[in-house]
Amino acid sequence: MDDPQEELRGGRLLLESETTPAQDEELWTDDDGADHTGWFCVSTNPFPCPAAGCTFVAEFMTAAHLILVWEQRDDPNLLRHAQRAKEVHRNPRVVPYETSFGPSASYYTWEASGRPVHGVRGK
């Protein structure tokens, strides 16, 4: 560049008129097929999925739209997650899980799978 002021005049901004994902995102599923009836989950005030454009509204602590369940009511990880929900004013309540609530996943299976969360990309 011969003119040193050329750099200071600004650049150009290119906007795409339509953005499409490179590939469709698939939600993680708990493949063990276990019946978690009678396990425990954390019911909360309704809150929206944080993924852009997703209309899912959760009423339980979830991961990838699956209700996280624990076998024991006093599981330290269940209590820790309930405490975090309390800190953000979601009114958590530990309740026995029922299949009518929706699909579930064992917290420990979810954790062993790398803790996938809908709409949040890994590093």
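**Exercise 1. Describe the largest pocket and its lining.**

Step 1. The largest pocket holds about 520 Å³ of space. A pocket, on a 1 Å grid over the protein atoms alone, is an open set of points where a 1.4 Å probe fits, with protein on both sides within 12 Å along at least five of seven lines; lining residues have an atom within 4 Å of a point. The volume is the space filled by probe spheres set on the points, which are joined across faces, edges and corners.

Step 2. The lining has 22 residues, and Phe47, Met61, Thr62, Arg90 and Val117 are the closest to the centre.

Step 3. Strand 1 (40-48), strand 3 (62-63) and helix 1 each give two or more residues to this lining. Helix 1 gives the largest share, three residues. Helices (H or I, at least four residues) and strands (E, at least two) are DSSP runs, numbered from the N terminus.

Step 4. By class, 15 lining residues are nonpolar, four are polar and three are charged.

The model is predicted: local features need pLDDT of at least 70 and side-chain atom pairs count only at pLDDT 80 or more, while totals for chains, interfaces and linings use all residues. Residues are numbered from 1 along each chain as its sequence is written, and side-chain values use heavy atoms, with hydrogens and water left out.

**Exercise 2. Find the place and the contacts of Asn77.**

Step 1. Asn77 sits in helix 1 (residues 76-87).

Step 2. With a relative accessible area of 18%, Asn77 is buried (under 20%; exposed is over 50%, partly exposed in between; 1.4 Å probe, protein chains only).

Step 3. Not counting residues up to four places away in sequence, Asn77 touches Trp70, Tyr107 and Tyr108; contact means heavy atoms within 4.5 Å.

**Exercise 3. Place Ala85 in the largest nonpolar core.**

Step 1. Ala85 lies in helix 1 and is buried, at a relative accessible area of 3%.

Step 2. Leaving aside neighbours within four places in sequence, Ala85 is in contact with Thr44, Met61, Arg90, Asn91 and Pro92.

Step 3. The largest nonpolar core has eleven residues, including Ala85, Met61, Phe40 and Trp110. Such a core is a set of buried Ala, Val, Leu, Ile, Met, Phe, Trp, Tyr and Cys residues joined through side-chain atoms within 4.5 Å.

Step 4. The largest share of this core, three residues, comes from helix 1.

Key:
Nonpolar A, V, L, I, M, F, W, Y, C, P; charged D, E, K, R; others polar.
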